[in-house]
Amino acid sequence: MNYKEIGQKILEAVGGKENVQNLTHCATRLRFTLADDSKADDEAVQAIDGVVSLAKSGGQYQVVVGSDVPNVYRALEGLLDLDEVSKESSEKQDRTPLQSFLALISGIFTPILPVITAAGMIKAVLSLLVVFKVVAVDDVNYQVLNFIGDAGFYFLPVFLGASAARQFKTNAQLGMLIGAILLHPTFTQIVTTAKESGHGVSFFSIPLTLTSYSSTVIPVILAVWFMSYVERFAIKISPKAVKFFLVPMITTLITAIVTLLILGPIGAVIGNWLGDFFKWLENFGPWVVPTIVGATFPLMVTTGTHYGLVSIGINNRMTIGYDTIAQPGALASNVAQGGAALAIALKTKDTNKKTLASSAGITAICGITEPALYGVTLQNKAALIGSIVAGGVGGFFLGILGARNFAGGSPGILTIAAYIGEDTLKYFYTAIAGLVISVVVSFIVTFILYKED
């Protein structure tokens with residue numbers, strides 16, 4: 001497959017280089033932010049060999065490519081100067097505030113998902129090794145694997161600093177620096193010592209909130225948002241002769257001080273409030289949200305609103321250690337779409353449809369749902385009903401039994417180990433049972449309802 005040729009055709013079909021303001025990708029989609037969506041030729045995009053489908057959601061023009069998306073993205077990198085593209089001033093687009101917010105959330109969290117997934121899966125493997133007594137919690141082997149897995153979570157503000165800076169059109173390296181400042185060992189030691197002694201700490205007579213920022217999400221996002229305005233101010237007032245060093249100095253110093261004194265504590269409080277709310281919700285009715293998410297997740301994906309859930313799930317794992325809100329319901333929904341697609345593959349007599357549905361069903365159960373969603377679920381009423389019913393049933397089962405996800409990742413059988421944590425396999429077995437129930441129920445409902453043509 002000629003990825004450079006595919007990338008060139010896609011670029012031409014979306015309106016050319018001058019129409020692209022930003023480009024990222026997830027597991028299966030190229031996510032364009034276009035200056036003018038009307039300049040893109042939808043039919044030409046969908047006709048390109050290698051393009052699975054097209055979706056417009058969350059203020060993004062999303063080209064579904066499938067598992068080859070990293071290769072096509074790299075080809076587009078050679079055709080676009082992405083750093084320059086992302087810094088170009090945005091034209092006003094016909095977006096609702098919700099679409100703009102979802103595009104922002106997607107742009108911030110999508111790039112860091114591999115970090116979260118890698119760290120979480122390493123922790124899951126470590127829990128598995130402890131359960132089967134391969135390592136003990138007090139030996140060096142455990143400690144080494146533990147800090148390797150913890151690194152992605154601990155330094156999350158650094159990664160978020162970079163991705164948030166790109167979305168707020170400011171310097172990504174300075175965004176990472178702000179995240180690093182929040183995690184500096186000296187600041188951490190000051191906070192720890194003050195808490196142990198019971199004495200407060202002041203910065204030029206201004207009380208400093210004793211908060212630790214490791215594994216936090218909201219503080220650094222607020223800080224980088226503020227930094228984007230400070231940098232513009234610094235560029236405006238700095239003489240040209242000294243702008244090279246004066247702009248980053250002013251930007252970093254003002255942002256760091258305001259963050260440590262005001263924005264950081266506010267963000268930490270908001271994050272803890274959200275964690276406490278979902279903890280209360282889990283105790284009040286653990287089945288409610290997973291059931292709703294399981295039933296509606298296909299529709300959420302098509303509109304891009306599922307990225308709000310992704311950010312909530314990440315915040316939950318950072319604040320309370322696990323997620324019971326986003327991942328369990330999404331797991332039930334994803335594999336339910338796989339079950340529905342496999343039912344159609346078995347029942348249909350259309351050779352092309354059988355091939356598409358069987359392939360899409362397997363990939364959906366593995367956790368990649370776009371081929372099933374756009375090629376099967378949204379094209380067949382029986383598959384949609386089967387997915388919704390089974391997603392709700394599976395979500396209810398996982399919620400009522402309190403399945404906990406410790407790592408994230410694309411919900412499916414390939415990331416089922418993300419339910420291993422707290423040195424127990426209880427949640428892992430629950431997740432497997434919920435997965436099987438969702439697939440079976442979806443398969444049966446779809447098989448009964450499906451009629452050819």
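**Note on helix packing and selected residues**

1. Serine 205 is exposed, its relative accessible area being 71%. Serine 205 lies in the loop that joins β5 (201-203) to β6 (206-208). From serine 205 to leucine 104 the sequence separation is 101 residues, and their C-alpha atoms lie 37 Å apart in space. The model discussed here is a predicted one, and every value in this note should be read accordingly.

2. Serine 53 offers a second serine for inspection, and here the relative accessible area is 10%. Because buried means under 20% relative accessible area, serine 53 is classed as buried. Serine 53 belongs to strand β3 (residues 53-57). When neighbours within four places in sequence are set aside, the contacts of serine 53 are Gln62, Val63, Val64 and Tyr374.

3. Helix α1 (residues 3-13) packs with helix α3 (residues 69-79): their axes come within 8 Å and cross at roughly 65°. That angle makes α1 roughly perpendicular to α3. The crossing of α1 and α3 is right-handed. On the α1 side the contact is formed by Tyr3, Lys4, Ile6, Gly7, Gln8, Ile10 and Leu11, while α3 contributes Asn71, Val72, Ala75, Leu76 and Leu79. Sorted by class, this contact of α1 with α3 holds eight nonpolar residues, three polar residues and one charged residue.

4. Helix α15 (residues 327-347) has 21 residues, which at 1.5 Å a residue should span 30 Å. The end C-alpha atoms of α15 are 30 Å apart, so the expected span and the modelled one agree. How many of the residues of α15 are buried? The count is 18 of its 21 residues, and α15 is therefore described as mostly covered, given that buried means under 20% relative accessible area.

5. The axes of α15 and α18 come within 8 Å and cross at roughly 145°, and this crossing is right-handed. From α15 the contact draws on Pro328, Leu331, Ala332, Ser333, Ala336, Gln337, Ala340 and Ile344. From α18 it draws on Ala383, Ser387, Ala390, Gly391, Gly394, Gly395 and Leu398. By class, the contact of α15 with α18 comprises nine nonpolar and six polar residues, with no charged residues.

6. Helix α6 (residues 113-131) can be checked in the manner used for α15. Its 19 residues should span 27 Å at 1.5 Å a residue, and the end C-alpha atoms are 27 Å apart, which agrees. The buried residues of α6 are Ile116, Ala119, Gly120, Met121, Ala124, Leu126, Ser127 and Val130. Against which helices do the buried residues of α6 pack? The partners are α7 (140-154), α8 (156-167) and α14 (306-319). After α6 comes lysine 133, which has a positive phi, near 60°.

7. Glycine 421 sits in the loop between α18 (381-400) and α19 (426-449). Is glycine 421 buried or exposed? The residue is buried, with a relative accessible area of 4%. Residues up to four places away in sequence not being counted, glycine 421 touches Ser127 and Phe406. Ser127 is one of the buried residues of α6, and this contact links the present point to the preceding one. Glycine 421 and asparagine 283 are 138 residues apart along the chain, and 19 Å separates their C-alpha atoms.

Key: Residues numbered from 1 in each chain as written. Predicted model: local features only at pLDDT ≥ 70, side-chain atom pairs only at ≥ 80, totals over all residues. Heavy atoms only, no water. Axes fitted to C-alpha atoms, helices over the stretch in contact; angles between N-to-C directions. Helix = DSSP H or I, 4+ residues; strand = E, 2+ residues; numbered from the N terminus. Parallel < 35°, antiparallel > 145°, perpendicular 65-115°, else oblique. Left-handed = near helix turned anticlockwise from the far one by under 90°. Contact = heavy atoms within 4.5 Å. Nonpolar A, V, L, I, M, F, W, Y, C, P; charged D, E, K, R; others polar. Expected span 1.5 Å × (residues − 1). Buried < 20%, exposed > 50% of the residue type's maximum accessible area, 1.4 Å probe, protein only.
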